Amino acid sequence: MEWKEGGQRIAAPDRSQEDQAFNLVILALTELLSLGGLLGNGVVLWLLSCNVYRNPFSIYLLDVACADLIFLGCHMVAVVPDLLPRQLTFPGFVQTSLATLRFFCYIVGLSLLAAISIEQCLATLFPAWYLCRRPRHLTTCVCALAWALCLLLDLLLSGACTEFFGEPSGHLCRTLWLVMAALLGALCCAMCLASLLLLLRVERGPQRSPQRSQPRGFPALVLLAVLLFLFCGLPFGIYWLSRNLHWHIPHYFYHFSFLMAAVHSSTKPAAYFCLGSTQGRRLREPLRLVLQRALGDEAELGTGREASQRGLVDMTA
């Protein structure tokens with residue numbers, strides 16, 4: 001059970017030139033999407049790091065953009081040997097390092113997305129408690145804990161499944177991957193449940209009005225991010241679990257999961273700016289204002305709202 005990647009690691013049978021051409025097209029699209037995602041997440045990271053918003057969810061998006069940026073950078077490099085199978089091959093250490101770092105960023109992003117969904121659900125269901133009783137540094141602590149725990153689990157996997165820290169242990173490696181599978185399932189279930197409750201609250205809550213046919217602001221952004229993960233990000237996790245736990249997967253699922261992972265991490269910045277832009281004024285507003293609107297600084301948080309920059313709270317029925 002190794003983390004090695006590269007075109008030479010899968011002993012696939014001889015395929016037709018059409019299959020090879022199709023795979024090259026998929027890999028080329030993966031590279032292009034990853035490049036666009038690097039630029040988009042870089043812009044989001046720059047805007048959020050240069051402007052401190054009062055909305056606590058900006059810290060979550062800052063960490064998510066950082067994880068996606070590292071993931072896409074490693075993703076682009078790891079796909080190169082598959083694009084040039086007979087011209088370029090990475091050493092095993094490089095392949096293992098890229099795979100380890102990518103999976104680490106993937107789990108961090110999933111953990112942060114689950115935390116965002118749960119906290120937004122609490123903010124929507126219990127606005128009075130959330131605005132008055134929420135710990136001041138909760139978001140920072142949650143993000144730091146997510147990075148630290150995912151790093152610890154990733155180091156354990158690297159020590160048990162690779163030769164980074166000595167002789168690998170097959171039994172311990174399989175046990176840790178089963179733990180990782182359980183963690184992935186638990187995070188997905190928590191995220192889906194919180195998103196479902198959030199959607200029901202937005203659609204049927206007392207704040208709903210006939211003029212508002214769609215959820216606005218940060219709740220809509222959370223729901224869209226969850227859908228993006230379920231349809232685009234989840235195949236990458238399934239691929240890694242299947243490969244390391246020796247579950248049967250189709251041979252084409254490898255390239256498909258890589259493409260979907262690139263789509264997942266690259267489309268988030270576009271979703272931020274699309275949801276934050278005003279209809280009829282897109283591409284004519286400052287990116288800073290658009291991102292601030294997507295974060296919900298100009299919309300309600302649950303049924304509560306910030307009344308002023310001094311932190312006064314105006315509760316609506």
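Let me start with Cys189, which is exposed in this predicted model, with a relative accessible area of 56%, a value that puts it in that class because exposed means over 50%.

Its sulfur might make you look for a partner, but Cys189 is exposed and, as the next cysteine will show, a buried position does not settle the matter either. Take Cys105, which counts as buried at 2% relative accessibility. The cysteine sulfur closest to that of Cys105 belongs to Cys74, and because the two are 6.1 Å apart, they are too far from each other for a bond. Cys189, to come back to it, is likewise in no disulfide, and the nearest cysteine sulfur, that of Cys192, is 6.8 Å away.

So which two cysteines does a disulfide join? The structure holds one disulfide, and the residues it joins are Cys161 and Cys173, with a distance of 1.9 Å from S to S. If you turn the model to look along that link, you will find 110° about the S-S bond, which makes the link of Cys161 and Cys173 right-handed. Cys161 lies in helix H5, residues 138–161, while Cys173 lies in helix H6, residues 170–204, so the pair ties together parts that are 12 residues apart in sequence. Both ends are hidden from the surface: Cys161 counts as buried at 2% relative accessibility, and Cys173 counts as buried at 1%.

Let me now move along the chain to helix H7, which covers residues 218–244. How far apart are its end C-alpha atoms? They are 36 Å apart, and since 27 residues at 1.5 Å a residue should span 39 Å, the two values agree. Even so, H7 bends by about 45° at Gly233, and within four residues of that point there follows a proline, Pro235. Is this helix mostly buried or exposed? Of its 27 residues, 20 are buried, so H7 is largely enclosed by the rest of the structure.

Just after H7 we come to His246, which takes a positive phi of about 60°. That deserves a pause, because most residues other than glycine have a negative phi. His246 sits in the loop that leads from helix H7 to helix H8, the latter being residues 253–276, and with 59% relative accessibility it counts as exposed.

Stepping back to the whole chain, we find nine helices and two strands, and if you read from the N terminus on, the order of the elements is α-α-α-α-α-α-α-α-α-β-β. Of the 317 residues, 47% count as buried, and the chain exposes about 16200 Å², of which carbon and sulfur atoms supply 66%. Among the contacts with a separation of 6 or more, 77% are accounted for by residues 24 or more positions apart.

Finally, a word of care about confidence. The mean pLDDT of the protein chain is 79, and 79% of its residues reach 70 or more. Over residues 298–317, however, the pLDDT is below 50, and this stretch has 36 contacts in the model beyond near neighbours in sequence. The pLDDT also stays under 50 over residues 6–14, for which the model has 15 contacts beyond four places in sequence. Where pLDDT is low, the predicted coordinates should not be read in detail.

Technical notes: Residues numbered from 1 in each chain as written. Predicted model: local features only at pLDDT ≥ 70, side-chain atom pairs only at ≥ 80, totals over all residues. Heavy atoms only, no water. pLDDT = per-residue confidence, 0-100. Contact = heavy atoms within 4.5 Å. Buried < 20%, exposed > 50% of the residue type's maximum accessible area, 1.4 Å probe, protein only. Expected span 1.5 Å × (residues − 1). Bend = angle between axes of the 7 residues up to and from the residue. Areas by Shrake-Rupley, 256 points an atom, 1.4 Å probe, with all protein chains shown as cover. Disulfide = S-S within 2.5 Å.
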